[in-house]
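I sat down with this one to look up how its helices pack and what surrounds a few residues. My entries are below, in the order I made them.

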Amino acid sequence: LARGEGPWPAVGPSALPVGDGWPVPLALSTAEVRSLVIDWGSAARRAALAGFETLELHGAHGYLIHQFLSPVSNQRTDEYGGSAENRQRFALEVVEAVRAQWPAHLPLSWRMSLADLDGGQSIEDMSAFVQALKHLGVDILDCSSGAGISSYPTADPKVTRGLEFRAGDAQKIKALTGIEIMAVGLIIDPRHAESLLLADQADLIAI
């Protein structure tokens with residue numbers, strides 16, 4: 001707005017606003033979803049050409065990929081909605097497209113919100129999805145603490161828990177999947193960071 005531009009059009013898996021007074025997003029067509037998968041792969045190729053040495057896909061905090069994963073925000077009836085398998089399709093296709101363009105020797109990270117466990121998702125279901133990510137070439141799980149999709153319902157949005165790193169949940173996912181864990185969430189003391197590494201609750205620390 002400061003540049004004299006109007007608001008960008010909002011898009012999403014379904015035409016559901018986050019709440020009263022929020023813009024109603026345009027539901028993406030099936031063809032548009034498939035086109036976005038290609039766009040993510042192209043972005044990964046550009047990042048590699050630009051010399052970046054690590055890449056993270058954001059599947060948390062109510063952003064687009066996260067919206068597709070949740071039945072709260074995804075009420076589609078095509079192959080990208082409905083069952084858990086269909087709701088995960090967009091995310092997994094994005095990973096596959098990115099990994100195809102991102103050099104095999106460079107790490108690929110996925111950002112996930114552990115707060116989704118507060119919205120009815122089981123640790124087993126989350127771990128099964130992480131296994132699928134790992135199978136497609138995700139090397140690191142960046143375990144964020146807050147802003148799960150349950151924090152953004154279509155009415156009365158709220159954050160249900162604090163933002164501190166949920167080390168116990170991360171450790172369970174690590175044990176079930178074997179994926180490398182990056183810890184983030186109010187880790188501001190180096191002794192705290194070191195204790196997470198020593199307890200095998202994290203392999204990397206993000207600040």
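These notes go through helix pairs, then one strand, then some loop and helix residues.

**Entry 1: the model**

I am working from a predicted model, and I kept that in mind throughout.

**Entry 2: α1 and α3**

I started with helix α1, residues 30-49, and helix α3, residues 84-101. Their axes come within 8 Å and cross at roughly 30°. An angle under 35 degrees counts as roughly parallel, so I put α1 and α3 down as roughly parallel to each other. I noted the crossing of α1 past α3 as right-handed.

Then I listed who makes the contact. From α1 I have Val-33, Leu-36, Val-37, Trp-40, Gly-41, Ala-44, Arg-45 and Ala-48. From α3 I have Phe-90, Glu-93, Val-94, Ala-97, Val-98 and Gln-101. Sorted by class, this contact holds 10 nonpolar, 2 polar and 2 charged residues.

**Entry 3: α3 and α4**

Next I checked the other pairing of α3. The axes of α3 and α4 come within 9 Å, crossing at roughly 25°. That makes this pair roughly parallel too, and the crossing is right-handed.

Which residues meet here? I found Gln-88, Ala-91, Leu-92 and Val-95 on the α3 side, with Phe-129, Ala-132 and Leu-133 on the α4 side. The class count for α3 with α4 is 6 nonpolar, 1 polar and no charged.

**Entry 4: α4 and α5**

I stayed with α4, which covers residues 123-135, and turned to α5, residues 167-177. These two pack at an angle of about 55° with their axes 9 Å apart, and α4 and α5 are therefore oblique to each other. I wrote this crossing down as right-handed.

On α4 the residues involved are Ile-123, Met-126, Ser-127, Val-130, Gln-131 and Lys-134. They meet Asp-169, Lys-172, Ile-173, Leu-176 and Thr-177 of α5. By class I get 5 nonpolar, 3 polar and 3 charged residues in the contact of α4 with α5.

**Entry 5: strand β4**

I moved on to β4, residues 108-113, and took three of its residues in turn.

Ser-109 sits in β4. Is Ser-109 buried or exposed? Its relative accessible area is 2%, so I call Ser-109 buried. The Ser-109 side chain makes a polar contact of 2.8 Å with the side chain of Glu-56. Beyond its neighbours within four places in sequence, Ser-109 touches Leu-55, Glu-56, Leu-57, Val-138, Ile-140, Asp-142 and Met-182.

Arg-111 is in β4 as well. I looked twice at this arginine, but at 16% relative accessibility Arg-111 counts as buried, because the cut-off for buried is under 20%. What does the Arg-111 side chain pair with? I found a 2.7 Å polar contact between the side chains of Arg-111 and Asp-142. Leaving out neighbours within four places in sequence, the contacts of Arg-111 include Glu-56, His-58, His-61, Ser-144 and Val-184.

Met-112 belongs to β4 too. With 5% relative accessibility, Met-112 counts as buried. Asp-142 is 30 residues from Met-112 along the chain, and I read 6.1 Å between their C-alpha atoms. Again setting aside neighbours within four places, Met-112 contacts Ala-60, Met-126, Phe-129, Val-130, Leu-141, Asp-142, Cys-143 and Ser-144.

I went back over my lists for Asp-142. It turns up among the contacts of Ser-109, of Arg-111 and of Met-112.

**Entry 6: positive phi in the loops**

I looked up two residues with positive phi. His-61 has a phi near 60° and is not a glycine. I placed His-61 in the loop between β3 (55-58) and α2 (64-69).

Leu-186, also not a glycine, has a positive phi of about 55°. Leu-186 is in the loop between β6 (180-183) and α6. At 58% relative accessibility I count Leu-186 as exposed.

**Entry 7: Leu-197**

My last stop was Leu-197 in helix α6, residues 190-198. Leu-197 has a relative accessible area of 33%, so I have it as partly exposed. Not counting residues up to four places away in sequence, Leu-197 touches Ala-202, Asp-203, Leu-204 and Ile-205. I also checked Leu-197 against Asp-169, 28 residues away along the chain, and their C-alpha atoms are 15 Å apart.

Definitions and conventions. Residues numbered from 1 in each chain as written. Predicted model: local features only at pLDDT ≥ 70, side-chain atom pairs only at ≥ 80, totals over all residues. Heavy atoms only, no water. Axes fitted to C-alpha atoms, helices over the stretch in contact; angles between N-to-C directions. Helix = DSSP H or I, 4+ residues; strand = E, 2+ residues; numbered from the N terminus. Parallel < 35°, antiparallel > 145°, perpendicular 65-115°, else oblique. Left-handed = near helix turned anticlockwise from the far one by under 90°. Contact = heavy atoms within 4.5 Å. Nonpolar A, V, L, I, M, F, W, Y, C, P; charged D, E, K, R; others polar. Buried < 20%, exposed > 50% of the residue type's maximum accessible area, 1.4 Å probe, protein only. Polar contact = N/O pair within 3.5 Å; in protein donor to acceptor, adjacent residues only side chain to side chain.
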